[in-house]
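Here are my notes on this model, as numbered points. Please read them with the structure open.

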Amino acid sequence: MTRVMIYRRFERFWHWSQALLIFVLLATGFEIHGSYHSLGFAQAVRVHTLAAWALIVLWLFAMFWHVTTGEWRQYIPTRKGLFAVLHYYLVGTFTGAEHPYRKTSKGKHNPLQRLAYLFFKLVVSPVIWASGLLYLFYNDWPAALSGLLALEWVALVHTAAAFAMLVFIIAHVYMATMGRTLTSLIRPMITGYEELDEPPR
């Protein structure tokens, strides 16, 4: 086993900053919808909007980083080993089986993670962006757009995408606790290092 730098500094910063901003957006979003009262509607809208712009900027930097470093390749889907990983999560985790996927610095994500993260990046996130921006700039819609779209539908799509993001986060946090110990899969995203079966560089 070799101690390998698996998550670089920006990757860790991006991950935890994104998590914080998403939690802020979910909390303020629920308040805007009237699920509870804490900040007050107007302040919740201000915080929600500010966090949304911060997340968009962070995502733009993250996209640039993925493209320039070649890390986008980590999300290319593959069927190789997919069913073994699915079987592990459905059965193996409850029977003490060993995880069938061997992580490397060039293959950080197992086949199921690749599909989940790709879906998050190519479907959930763009829908959140588009519906959120349409919602934010509703008063500036051109007449042609107002005739095609109803604000209620934009709100419903935005809320549905937010719930999809919430489901993704719950699953992500749950699976992050499924390592050898409760924190063994979380620690590398803090330190950057993980013990892997690969030679040192």
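1. **Salt bridges.** The count in this predicted model comes to five salt bridges. One of them pairs Lys108 with Glu11, and their closest N and O atoms are 2.8 Å apart. Lys108 sits in the loop between helix H3 (82–95) and H4, while Glu11 belongs to helix H1, so this pair ties together parts that are 97 residues apart in sequence. Both ends are out of sight: Lys108 is buried, and so is Glu11.

2. **A second tie from the same loop.** Lys103 and Glu194 also meet through their side chains, in a salt bridge of 3.2 Å, N to O. Lys103 lies in the loop between H3 and H4, and Glu194 lies in strand E2 (residues 193–196), so parts 91 residues apart in sequence are tied together. Is Glu194 buried or exposed? Glu194 has 13% relative accessibility, so it counts as buried.

3. **The network.** Some salt bridges share partners. Arg8, Glu11, Glu71 and Lys108 are joined into one network that way.

4. **Arg102 and Glu98.** These two side chains form a salt bridge as well, at 2.2 Å from N to O. Arg102 counts as partly exposed because its relative accessibility is 41%. Glu98 reaches 60%, so it counts as exposed. The cut-off for exposed is over 50%.

5. **Overall fold.** Seven helices and two strands make up the secondary structure of the protein chain. What order do the elements take from the N terminus on? They run β-α-α-α-α-α-α-α-β. Along the principal axes, the C-alpha atoms fill a box of roughly 60 × 40 × 35 Å. Among contacts with a separation of 6 or more, 71% join residues 24 or more positions apart.

6. **Main core.** The largest nonpolar core has 18 residues. Trp14, Ile22, Leu55, Trp59, Phe120 and Met165 touch the most other members. Which elements give two or more residues to this core? They are helix H1 (9–32), helix H2 (41–69), helix H4 (111–136) and helix H6 (151–176).

7. **Met165 in that core.** Leave aside the neighbours within four places in sequence. Met165 is then in contact with Ile22, Trp59, Phe120, Val124 and Ile128. Three of these contacts are worth picking out: Ile22, Trp59 and Phe120 are themselves among the residues that touch the most other core members.

8. **Second core.** A separate core of five residues also exists. Its members include Val4, Ile6, Met189 and Leu196.

9. **Ser125.** This serine lies in helix H4. Ser125 has 6% relative accessibility and therefore counts as buried, the cut-off being under 20%. Beyond its neighbours within four places in sequence, Ser125 is in contact with Trp59 and Phe120.

10. **Nonpolar surface patch.** Phe119, Leu122, Val123, Val127 and Val157 form a nonpolar patch on the surface. Together they have about 410 Å² of accessible area. H4 supplies the largest share, four residues. Val127 is placed in helix H4. Its relative accessible area is 31%, so Val127 counts as partly exposed.

11. **Leu148.** Look next at helix H5 (residues 143–148), where Leu148 lies. Why does Leu148 count as exposed? Because its relative accessible area is 74%. Leu148 and Leu133 are 15 residues apart in sequence, and their C-alpha atoms are 16 Å apart in space.

12. **Surface and burial.** The protein chain has 201 residues, and 33% of them count as buried. About 12,800 Å² is exposed. Carbon and sulfur atoms supply 70% of that area.

13. **Confidence.** The average pLDDT for the protein chain is 88, and 97% of the residues score at least 70. Where is confidence lowest, and where is it highest? The lowest is in H5, with a mean of 76, and the highest is in H1, at 94. Keep the H5 value in mind when reading the point on Leu148, which lies in that helix.

Notes: Residues numbered from 1 in each chain as written. Predicted model: local features only at pLDDT ≥ 70, side-chain atom pairs only at ≥ 80, totals over all residues. Heavy atoms only, no water. Core = buried A, V, L, I, M, F, W, Y, C linked by side-chain atoms within 4.5 Å. Buried < 20%, exposed > 50% of the residue type's maximum accessible area, 1.4 Å probe, protein only. Contact = heavy atoms within 4.5 Å. Patch = residues over 30% accessible without salt bridge, like charges linked within 9 Å, V, L, I, M, F, W, Y side chains within 5 Å. Areas by Shrake-Rupley, 256 points an atom, 1.4 Å probe, with all protein chains shown as cover. Salt bridge = Lys/Arg side-chain N within 4 Å of Asp/Glu carboxyl O. pLDDT = per-residue confidence, 0-100.
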